[in-house]
Amino acid sequence: MSANNQPHPDGGLDSGPSEATADVSPVEHPRATLANVAKRAGVSASTASIAFSGVGSISEATRERILRAADELRYFGPDPRARSLRQGRSGIVGVVLEDRVIHSFRDPITIAVLDGISQELGNENGGMLLLTSTGMGESSIQSAVFDAAVFLGCSPRLTRSIEVMRQRNIPMVAIEGQHFDGVLSVALDNREAATRLAQHVYDLGHRDVAVVTLPMDAVRELRALTEVIVADATTAVSMERLAGAREVYPKLGGYVAANSSSDDGFAAGLLALGGAGGGWRRPTAIIAQSDLLAVGVIRAAESLGLRVPGDLTVVGFDGARIEGLSDHDLTTMVQPATEKGRAAGRAVTELLAGGHPPDAHFTCTLHLGTTSAPPA
């Protein structure tokens, strides 16, 4: 007996699904067009277009008739891709983040910068498209549709990304990146601020000091800081903050964190404080290149039974509001993150309007908290 001739409950043979009961794929109706809507509403295509674009004048009764016809035909408006081709604009600004978006969304400084950008984008450029320098396909910086690009200087691939944008002839703004011709700069005094922070630690009397840096390049793993890594570094913020601290501590060594997070700071802090034998001396102070890293270092110190600042001074950088730090007021360099973002947003808006905005420069302020004190 074949598979198509199975016993039927009434004793007969079931010869398979009949034409009446066979599965039938739903018919896909062609997508309605603006011309279809205009015909149904009894108006010209140009009049129907006004109802959706808002550019031009028609009566409210005509607009309602057109929108009702569109609703009946399930027409949801002109294809935005076609409109952007006609106008030469997409109304979107691409913001290029670090390798993984998840790390950016866990960083309060990045969130503040993005908020600042969005505050300043006008109605014509109100959308932000978040990209990474490693994105693929339609989400890559080579292929995604946007009118201007904003780069965050923590990216280790900034040079390559800017070369791609130059080929696409897209206006660019770099936040805290190294200087590039034709790229508007929103700068922060990372080197000078790091020098002031290190000088504060030095003035307290600390001589055995270590650093926990942000990633120095595209390698995302915890490593001892070596001169080879420093020489090959491609991340501007990390390089500048290290160079500033080394103006006070020329031989400053330590560890490179895998990412800017409290967990990565914890891992680096354990290594910096755990000792290596052979005459090693535990540092009395650790300079962390971000507040998130500093929080992790404090957790590591406390897990080893060390008191902050009694046994160990810990200083950070950014001035971020960090959850879980209620027992400490972190000594840190406070940067105007939201203002940086707003400056980038204003610059983008002016560039797209054909203007020539100047570069912007911001400075940090030293916040003296309760995590720094003279060595015991």
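A residue counts as buried when its relative accessible area is under 20%, as exposed when over 50%, and as partly exposed in between, using a 1.4 Å probe and protein chains only. By that yardstick Glu227 is exposed, because its relative accessible area is 51%.

Before we walk on, a word on the model itself. This is a predicted model, in which local features need pLDDT of at least 70 and side-chain atom pairs count only at pLDDT 80 or more, while totals for chains, interfaces and linings use all residues. Residues are numbered from 1 along each chain as its sequence is written, and side-chain values use heavy atoms, with hydrogens and water left out. Here pLDDT is the predictor's confidence in each residue, from 0 to 100. The chain averages 83, and 78% of the residues score at least 70. Residues 1–28 stay under 50, and for them the model has 16 contacts beyond four places in sequence, a contact being heavy atoms within 4.5 Å. Where pLDDT is low, the predicted coordinates should not be read in detail.

Now to the sheet. Helices (H or I, at least four residues) and strands (E, at least two) are DSSP runs, numbered from the N terminus, and two strands pair if DSSP finds at least two bridges between them. Seven strands form an open sheet with mixed pairing, in the order S9-S10-S8-S11-S12-S13-S15. Its edge strands are S9 and S15 (365–367), each of which pairs on one side only. Helix H8 (residues 190–203) packs on this sheet and touches S8, S11 (285–288), S12, S13 and S15; its direction makes about 165 degrees with that of S12. Such angles run from 0 to 180 degrees between N-to-C directions, with axes fitted as lines to C-alpha atoms, for helices over the stretch in contact.

Strand S10 is a good place to look at the pairing. S8 (residues 209–213) runs parallel to S10 and is joined to it by four bridges, with Thr213 opposite Val256. S9 (residues 223–224) pairs with S10 in the antiparallel sense over two bridges, and Ala224 has Tyr255 as its bridge partner there. Just beyond S10 (253–256), in the loop that leads to helix H11 (262–274), you will find Asn259. Asn259 is buried because its relative accessible area is 14%. Its side chain makes a polar contact of 3.5 Å with that of Arg220; such a contact is a pair of N or O atoms within 3.5 Å where, within protein, one must be able to donate a hydrogen and the other to accept it, and residues adjacent in sequence count only if both atoms are side-chain atoms.

Farther along the sheet, S12 (residues 313–318) and S13 (residues 331–334) run parallel and are joined by four bridges. Asp318, in strand S12, stands opposite Val334. Most residues other than glycine have a negative phi, and most peptide bonds are trans. Asp318, however, has a positive phi, near 140 degrees, and is buried with a relative accessible area of 8%. The peptide bond from Val308 to Pro309 is cis, with omega near 10 degrees; Pro309 sits in the loop between helix H12 (291–303) and S12.

Helix H10 (residues 236–246) is mostly covered, with eight of its 11 residues buried. Among them are Arg241 and Arg246. The buried residues of H10 pack against S7 (184–188), H8, S8, H9 (227–231) and S12.

Which charged side chains pair up? A salt bridge is a side-chain nitrogen of Lys or Arg within 4 Å of a carboxyl oxygen of Asp or Glu, and the count comes to 14. Glu176 forms one with Arg241, the closest N and O atoms being 4.0 Å apart. Glu176 lies in the loop between S6 (172–175) and S7, and Arg241 in H10, so the pair ties together parts that are 65 residues apart in sequence. Both Glu176 and Arg241 are buried, and they belong with Asp318 and Lys340 to a network of salt bridges.

Arg246 of H10 pairs with Glu227 of H9 across 19 residues of sequence, with closest N and O atoms 2.9 Å apart. Arg246 is buried, at 17% relative accessible area. Finally, Asp208 and Arg281 form a salt bridge with closest N and O atoms 3.1 Å apart. Asp208 counts as partly exposed at 25% relative accessibility, whereas Arg281 is exposed at 60%.
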